[in-house]
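The following report describes selected secondary-structure elements and their surroundings. The sequence and structure are shown first.

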Amino acid sequence: MDNKTPKTLPIQSATFTPEVNAEIRRAAATGIYDIRGGGAKRKVPHFDDLVFLGASVSRYPLEGYRETCNTKVTLGTRFAKKPIELDIPITIAGMSFGALSGQAKEALGRGASAAGTSTTTGDGGMTPEERGHSNKLVYQYLPSRYGMNPNDLRKADAIEVVVGQGAKPGGGGMLLGQKISDRVAEMRTLPKGIDQRSACRHPDWTGPDDLEIKLLELREITNWQVPIYVKVGGTRPYYDTALAVKSGADVVVLDGMQGGTAATQDVFIEHVGIPTLAAIRPAVRALQDLGVHREVQLVVSGGIRNGADVAKAMALGADAVAIGTAALIALGDNDPKWEAEYQKLGTTAGAYDDWHEGQDPAGITTQDLALASRLDPIDAGRRLRNYLKVMTLEAQTIARACGHNDLRNLEPEDLCALTVEAAAMAQVPLAGTEWYPGKPGTGY
Amino acid sequence: MLTYDLDAEGLRGLNEALQKQTQETNETQWEVVNPKGSHAIAVGLDAPIDVTVHGSTGYYCGGMNQQATIRVKGSAGPGVAENMMSGTVIIEGDASQYAGATGHGGLLVIKGNASSRCGISMKGIDIVVHGNIGHMSAFMAQAGNLVVCGDAGDALGDSLYEARLFVRGSVKSLGADCVEKEMRPEHIALLSALLEKAESDAKPEEFKRYGSARKLYNFDVDSNTTY
């Protein structure tokens with residue numbers, strides 16, 4: 001063959017991409033699955049695939065700067081003597097001390113409190129610091145029951161029984177040895193330095209009939225004072241929501257696959273569970289079918305990033321949302337200012353997800369005291385407060401443009417979809433049409 | 001002695017009355033009649049009081065107990081003394097599954113048999129079972145002592161951490177990473193004290209000790225068939 005013979009160009013496989021091949025080589029070298037933090041990274045139908053239909057001739061808008069648009073929401077009105085009253089419908093999702101540094105937990109508490117909302121403990125119990133810095137603190141009741149005790153339970157403003165989470169529905173938590181410091185080990189009654197694998201299901205109940213009795217016990221211990229949430233990962237949202245209601249939940253927390261975790265198998269994060277967008281309408285339908293929509297509140301999480309996402313989730317029927325990953329970014333996670341250090345770890349700002357290794361340059365997902373000291377909890381808390389305020393203003397802007405004086409008055413009729421997939425999942429019309437797949441009476 | 005008729009007066013009133021007792025209370029002796037298998041009896045107590053339940057209980061009797069001594073003159077349903085922090089719970093009859101689950105402290109005595117998952121995820125509680133226990137007991141047990149005067153079912157101590165297991169009779173099978181260990185003098189002394197507190201006349205020398213081989217504490221590619 002001479003040099004003048006035309007050649008085909010090298011073609012990279014769309015199936016065996018460089019990322020896929022790198023993972024195959026990594027697996028072959030180590031013999032263990034990839035573990036990482038965060039939520040699903042691959043592109044899935046999301047809130048970006050929806051747009052709002054602003055007011056025009058058929059509806060009139062509210063003045064953006066003058067007419068009020070309520071953002072307050074009350075959670076736990078079904079059974080609790082003391083429901084949680086929030087100034088904004090954006091809460092901070094459960095993240096543990098252990099997964100996060102003490103400074104990061106403090107910053108979350110400061111930011112949430114300044115914005116008038118709640119924050120949440122995680123797998124590992126309640127620290128005095130986070131209780132002290134959180135005006136409203138939700139105490140997670142998890143399968144592991146690490147650090148679980150009735151005294152802390154009674155200090156909580158609400159209890160969240162965690163059945164699952166969007167990053168790993170059906171899986172337990174994971175905290176590798178690098179982060180099991182003396183304090184974390186003591187709080188969890190574990191040997192220092194072990195690779196902690198939390199249980200995937202609760203040790204003393206199985207199924208909705210048992211859960212109903214478990215909720216009775218928790219209410220008896222806390223004198224029926226505080227709301228009880230039930231958190232589920234997005235898998236079968238209609239049935240999970242219905243069964244949570246049947247079990248006596250005051251609030252259902254629904255977490256889609258973009259919701260983050262401190263650490264679990266990458267294959268779990270990317271391949272188990274459904275997108276947040278697809279989970280909301282079935283959950284709302286379950287509440288409506290049972291006649292408890294708005295009486296049992298729905299909190300949606302998993303990939304909420306801005307006020308538009310907040311407004312879209314609420315328009316689809318949520319009463320509030322929760323943020324985790326976005327809150328960490330507001331604190332300073334994955335900030336390009338640490339790029340040189342991310343490079344040393346073999347990654348880059350924006351892609352760093354080896355949170356389980358405890359070497360976070362931003363000092364957030366670590367138990368290393370020197371790294372953790374890089375995060376000023378007061379400054380970071382202020383950034384979170386600002387971010388929450390911006391999200392709220394953005395959501396209000398959209399609500400007013402749609403003619404609503406309360407974020408919870410947003411409704412599916414305010415939305416249309418840009419893709420057929422999003423139209424099917426959100427059950428709102430494809431833009432420019434009155435149709436979505438599965439619309440009753442359309443035949444298909 | 002204060003007598004509470006659970007059937008007539010209801011669960012909320014009972015727990016409220018028991019939970020409001022303080023360290024200095026002189027209302028230390030309580031009895032509950034007509035429990036009729038009710039759930040969540042005497043949960044969340046935190047005072048040095050004695051509560052005797054005349055009859056069998058449902059789920060979670062004595063849940064999250066602190067300081068109190070609760071005696072059930074009958075059998076107990078699932079999750080008795082779950083997450084107990086301190087105090088004593090005594091079951092005269094048998095106990096259903098998850099007895100003593102996630103308990104952080106205190107003593108749970110079961111005079112009869114305990115079903116599956118006894119001591120699951122225990123975190124410091126002492127459990128003494130006069131009879132037998134079911135399968136998957138002491139699963140992921142982290143700390144404390146489980147004493148079984150009879151036999152143990154399948155997969156005892158699967159994936160356990162630092163809890164100590166003492167069994168006098170047979171063990172149908174051991175779970176992942178659970179192995180028999182040497183009984184040293186300190187274990188005999190520990191067991192002797194627990195048996196005495198639990199009103200058992202079993203001899204410590206008749207028991208075998210089981211614990212973690214600690215091979216699953218950190219991920220190891222050569223152990224991955226047991227994960």
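## Pairing of strand β11

In this predicted model, strand β8 (residues 158-162) of chain A pairs with β11(A) in the parallel sense, over 4 bridges. Within this pairing, A:Lys231 of β11(A) is the bridge partner of A:Val162.

Strand β11(A) is also joined to strand β12 (residues 251-255) of chain A by 5 bridges, and these two strands run parallel. Here A:Tyr229 has A:Val251 in β12(A) as its bridge partner.

## Connection to β12

Between the strands of this second pairing, the topology can be described as follows. Together with helix α7 (residues 237-247) of chain A, β11(A) and β12(A) make a right-handed β-α-β unit.

## Burial of strand β11

Strand β11 (residues 228-233) of chain A is largely enclosed by the rest of the structure, because 6 of its 6 residues are buried. A:Ile228, A:Val230 and A:Val232 point one way from β11(A), while A:Tyr229, A:Lys231 and A:Gly233 point the other way. The residues of both sets are all buried. A:Tyr229, the bridge partner of A:Val251, and A:Lys231, the bridge partner of A:Val162, thus both belong to the set that includes A:Gly233.

## Helix α10 and the residue after it

Helix α10 (residues 307-315) of chain A is mostly covered, with 8 of its 9 residues buried. The buried residues of α10(A) are A:Gly307, A:Asp309, A:Val310, A:Ala311, A:Lys312, A:Ala313, A:Met314 and A:Ala315.

A:Gly317 follows α10(A) and has a positive phi, near 125°.

How values were computed:
Residues are numbered from 1 along each chain as its sequence is written. Chains are lettered from A and ligands numbered from 1 in the order in which they are written. This is a predicted model: local features need pLDDT of at least 70, side-chain atom pairs count only at pLDDT 80 or more; totals for chains, interfaces and linings use all residues. A residue is buried if 20 or more other C-beta atoms lie within 10 Å of its own, exposed if 12 or fewer, and partly exposed in between; C-beta atoms are placed from the backbone. Two strands pair if DSSP finds at least two bridges between them. A crossover is right-handed if, with the strands pointing away from the viewer, the path from the first strand over the helix to the second runs clockwise.
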